[in-house]
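Q: Please take a close look at one part of this model: its main nonpolar core. Which residues and elements build it, and how does the strand behind it sit in the chain?

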Amino acid sequence: MKFTPEPIPRPAGRPASSTPLRDYLNSTNQGVDAGYAVLPRSLAESMPLPWQQQFATLLSQFHQAYGHLQWPVYRVVPSRYERLVDLDEEQLAEAGYLMEIDSDGEIVYRGRNGAPIDNPEQTTALVSVLDPIPHNRHGRVEPAGMSPHSAPVGLPAQPGPAQNGPVQHGPTQNGPAQHGPAQHGQTQPGPPPTPPGGFPVQPGPAQPGPATPPGGHTRPEYHYPSAPERKNW
């Protein structure tokens with residue numbers, strides 16, 4: 001084994017984080033606060049099938065790891081931060097604030113402890129709103145830029161059944177069907193072998209016409225006898 005005095009080069013890029021889930025949840029506000037991360041079922045169940053398979057495996061592992069805890073039933077309330085000056089009395093009461101008019105005719109906002117809020121224009125409160133996320137009873141919600149069978153990001157696409165092209169039913173055709181007598185000087189695709197004796201190639205059995213007797217024989221035309229022939233009768 002050879003040893004080199006040169007230092008080992010460090011890999012380029014940022015080092016891997018030891019708290020990747022915390023880092024991601026801290027970087028988004030989509031259903032995430034300091035204590036919980038909400039995942040709407042209607043959206044999760046609308047993701048492509050490979051993603052659902054992977055996520056179901058991770059959730060199963062998570063629930064098995066913490067199944068010994070006493071899990072409560074969580075009630076999710078869609079909410080949004082709004083300024084105090086944009087709320088009515090009912091919303092202020094829901095958020096724990098009070099609005100009143102003092103002796104000078106000025107509007108005063110107070111908190112739960114009765115202390116006045118100095119800057120109500122910049123103070124926000126969390127109030128309930130109508131849920132903008134469709135419910136799962138409304139059907140599938142199409143993900144943006146993903147097909148129903150797209151593989152998750154970072155995972156290879158699962159191979160499907162081999163496609164050999166459309167199945168052709170019926171006899172094999174070597175070329176377009178030719179109807180009528182063969183044309184001399186033109187190459188016919190897939191011609192039958194030439195019969196002995198140099199006879200021309202027949203495209204098929206003779207089709208009797210309306211004036212042709214069965215068997216392909218031509219009916220002789222009848223001629224009335226001439227005047228001299230009548231004298232010999």
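A: The accessible surface of the protein chain comes to about 21,200 Å². Carbon and sulfur atoms hold 56% of that area. The model is predicted. Of the 233 residues in the protein chain, 10% are buried.

The chain has 5 helices and 4 strands. Their order along the sequence is α-α-α-β-α-β-β-β-α. Among contacts with a separation of 6 or more, 55% link residues 24 or more positions apart.

Now the core. The largest nonpolar core has 7 residues. They are Leu-84, Leu-87, Leu-92, Ala-95, Tyr-109, Ala-125 and Val-127. Two elements each give two or more residues to this core: helix H4 (89-95) and strand S4 (124-128). In soluble globular proteins, nonpolar side chains tend to be buried together.

Strand S4 shows a clear alternation of side chains. Ala-125 and Val-127 point to one face and are buried. Thr-124, Leu-126 and Ser-128 point to the other face and are not buried. So Leu-126 is left out of the core, since a nonpolar core is a set of buried residues.

Ala-125 repays a closer look. Leaving aside neighbours within four places in sequence, Ala-125 is in contact with Arg-80, Tyr-81, Glu-82, Leu-84, Leu-87, Ala-95 and Tyr-97. Among these partners, Leu-84, Leu-87 and Ala-95 are also core residues.

Strand S4 also has a pairing partner. Strand S1 (residues 79-83) runs antiparallel to S4, and 5 bridges join the two. Arg-83 stands opposite Thr-124 in S4. Thr-124 is on the face of S4 that is not buried.

Key. Residues are numbered from 1 along each chain as its sequence is written. This is a predicted model: local features need pLDDT of at least 70, side-chain atom pairs count only at pLDDT 80 or more; totals for chains, interfaces and linings use all residues. Side-chain values use heavy atoms; hydrogens and water are left out. A nonpolar core is a set of buried Ala, Val, Leu, Ile, Met, Phe, Trp, Tyr and Cys residues joined through side-chain atoms within 4.5 Å. Buried means under 20% relative accessible area, exposed over 50%, partly exposed in between (1.4 Å probe, protein chains only). Contact means heavy atoms within 4.5 Å. Accessible areas come from the Shrake-Rupley method with a 1.4 Å probe; for residues, only the protein chains shown count as cover. Two strands pair if DSSP finds at least two bridges between them.
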